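Me: I am new to reading protein models, and I would like a close look at a single part of this one. Please take me through it slowly, and tell me how that part sits within the whole.

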Amino acid sequence: MRPPQDGSWTVPAELDRRPLDGAIRALASVSWSDARRLIETGKVLVGSAVATSPRRRVLGGERIEVRLSAPRPETVRRRKLEGDLVVYADASVVVVNKPAGVSTIPYGDEDPAEQAATLDALVREVLAHRDRLRGRAPLGVVQRLDKGTSGLLVFARTLAAKKHLAQQLRVRSMHRQYLALAHGAVPRGTHRSYLVEDRGDGLRGSARAGRREGQLAVTHVEPIETLRGPQDEAGAAGVTLIACRLETGRTHQIRIHLAEAGHPLVGETVYVRDHRGPRIPAPRLMLHAAELGFDHPADDRPMRFQAPPPPDFDAVLERLRKPARQGAT
C-alpha cells in the first residue's frame, strides 16, 4: 500500500458493481481506511460528480478520479449556501431564501443529520463562517415556512430585533406575499376565519360559522393568470396562478383557506379531503414566499425583498401554460 496520490482510472470489467471504496482500494493501491477517508472527504469524483458514499456501486467503463486538492463537501455546500441562501444580513437581521424540502427549525424527532440540515442550522453555519464566530451564531426564529414551501423569511440576530419583528407580526404591519398554483378558477377575495387544531375530521381548519374559537386568520387572494389543466373542458380553468397576501400568519393558513374554498393548492397532500376534481401532479407544494417587507428593528427604515419562484415551481407553471395537444386524451 502507498500514500494516497492524485490519479484517474477507468473502471475495468472485473470491478463492475463493486462498492466505491473497494474500487478505490484496488485502483489507487491504498488501504481500506485511506480509500474511505478519500471518499468521505470529497476527494473522489465519479464522472464529473463528487461521490461521498463508500458503498456506492461503480460500473465498468466509469471514470474515477482522486483529486487531493478538492475541497471538502462541507466547504462546497457552505459556499453554495452563502450565494443562494442569504439574501441580506446585518447585525440585527438575516433574510434568507428558503429552498423547498428544508424544515425551518427542528421539531425534536429528527436524527442528528436531519437537525444539522434544518434552515436555522444552515443559516447559523453560514453566519458563523462569514463573521468568523466560534460555535453557534445567535439566531432568533420570527416566522416559519412549511417544509414544502420555498421563499423569503427573516430571522433575528438579537433579542431586541426579535421583539421588534414579533411586534410587527402582531400588529399586522409585516408584508408577506406568496405566489401559488391552485386548482380551479380562483376568484379575487378575502378569506377570514378562525382556525382550530381539529375541525372535526382530524385536520386543522376553520371553526364552524358563527363560532369564534381558535385563531383569526385573514388571507387576501388575487388571481394573476388562468392556466389549463390536464382534462380541461371548453372554458374551464384547470389551475390559477394566484398571489396571496397574509394579514395574519397562522399555521397552514393559505393552504387551508384555498382548500376550504374548493381550490386546494397544486401539490397539496393534506388538505384535499373535500376536493372531488382532478388533481394536477407536482413535485411538491406549489407555494412560494415571493415578497417580504418589514421595518428594520434598529432604525425603522423600510426593508423590502423579492425572490422569484425556484426552477421546480417555474417548470410546473410553464407546463400548465403550454396548450393542450390536439387530439390528446
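Reply: Among contacts in the protein between residues at least 6 apart in sequence, 64% join residues at least 24 apart. Please keep in mind that this is a predicted model, in which the secondary structure comes to eight helices and 15 strands. Of the 329 residues in the protein, 45% are buried, and the accessible surface comes to about 17,400 Å², with 49% of that area belonging to carbon and sulfur atoms.

The part to look at closely is the pair of helices α1, residues 20–28, and α2, residues 32–40, whose axes come within 9 Å and cross at roughly 120°. The crossing in which α1 passes α2 is right-handed. On the side of α1, the contact is made by Leu 20, Asp 21, Gly 22, Ile 24 and Arg 25, while α2 brings Trp 32, Ala 35, Arg 36, Leu 38 and Ile 39. Sorted by class, the residues in this contact are six nonpolar, one polar and three charged.

One of these residues, Ala 35, deserves a slower look, and its place is in helix α2. Ala 35 counts as buried because its relative accessibility is 0%, and the cut-off for that word is under 20%. Leaving aside neighbours within four places in sequence, Ala 35 is in contact with Asp 21, Ile 24, Arg 25 and Val 30, and among these Asp 21, Ile 24 and Arg 25 also appear on the α1 side of the helix contact. Further along the chain, Pro 54 lies 19 residues from Ala 35, and the C-alpha atoms of the two are separated by 8.2 Å.

To place this part in the whole, it helps to turn to the nonpolar cores. The largest nonpolar core has 30 residues, and those with the most contacts inside it are Val 123 and Leu 258. The elements that give two or more residues to this core are β6 (93–98), α5 (119–130), β8 (150–156), β9 (175–183), β13 (239–246), α7 (253–260) and β14 (287–295), and the largest share, six residues, comes from α5. Val 123 itself, when residues up to four places away in sequence are not counted, touches Leu 85, Val 94, Val 96, Leu 139 and Phe 155. A second, separate core of 18 residues includes Trp 9, Leu 20, Val 30 and Val 66; of these, Leu 20 takes part in the contact between α1 and α2, and Val 30 is in contact with Ala 35.

Key
Residues are numbered from 1 along each chain as its sequence is written. This is a predicted model: local features need pLDDT of at least 70, side-chain atom pairs count only at pLDDT 80 or more; totals for chains, interfaces and linings use all residues. Side-chain values use heavy atoms; hydrogens and water are left out. A nonpolar core is a set of buried Ala, Val, Leu, Ile, Met, Phe, Trp, Tyr and Cys residues joined through side-chain atoms within 4.5 Å. Buried means under 20% relative accessible area, exposed over 50%, partly exposed in between (1.4 Å probe, protein chains only). Helices (H or I, at least four residues) and strands (E, at least two) are DSSP runs, numbered from the N terminus. Contact means heavy atoms within 4.5 Å. Axes are lines fitted to C-alpha atoms, for helices over the stretch in contact, and angles run from 0 to 180 degrees between N-to-C directions. A crossing is left-handed if the near helix is turned anticlockwise from the far one by less than a right angle, and right-handed if clockwise. Ala, Val, Leu, Ile, Met, Phe, Trp, Tyr, Cys and Pro count as nonpolar, Asp, Glu, Lys and Arg as charged, and the others, Gly among them, as polar. Accessible areas come from the Shrake-Rupley method with a 1.4 Å probe; for residues, only the protein chains shown count as cover.
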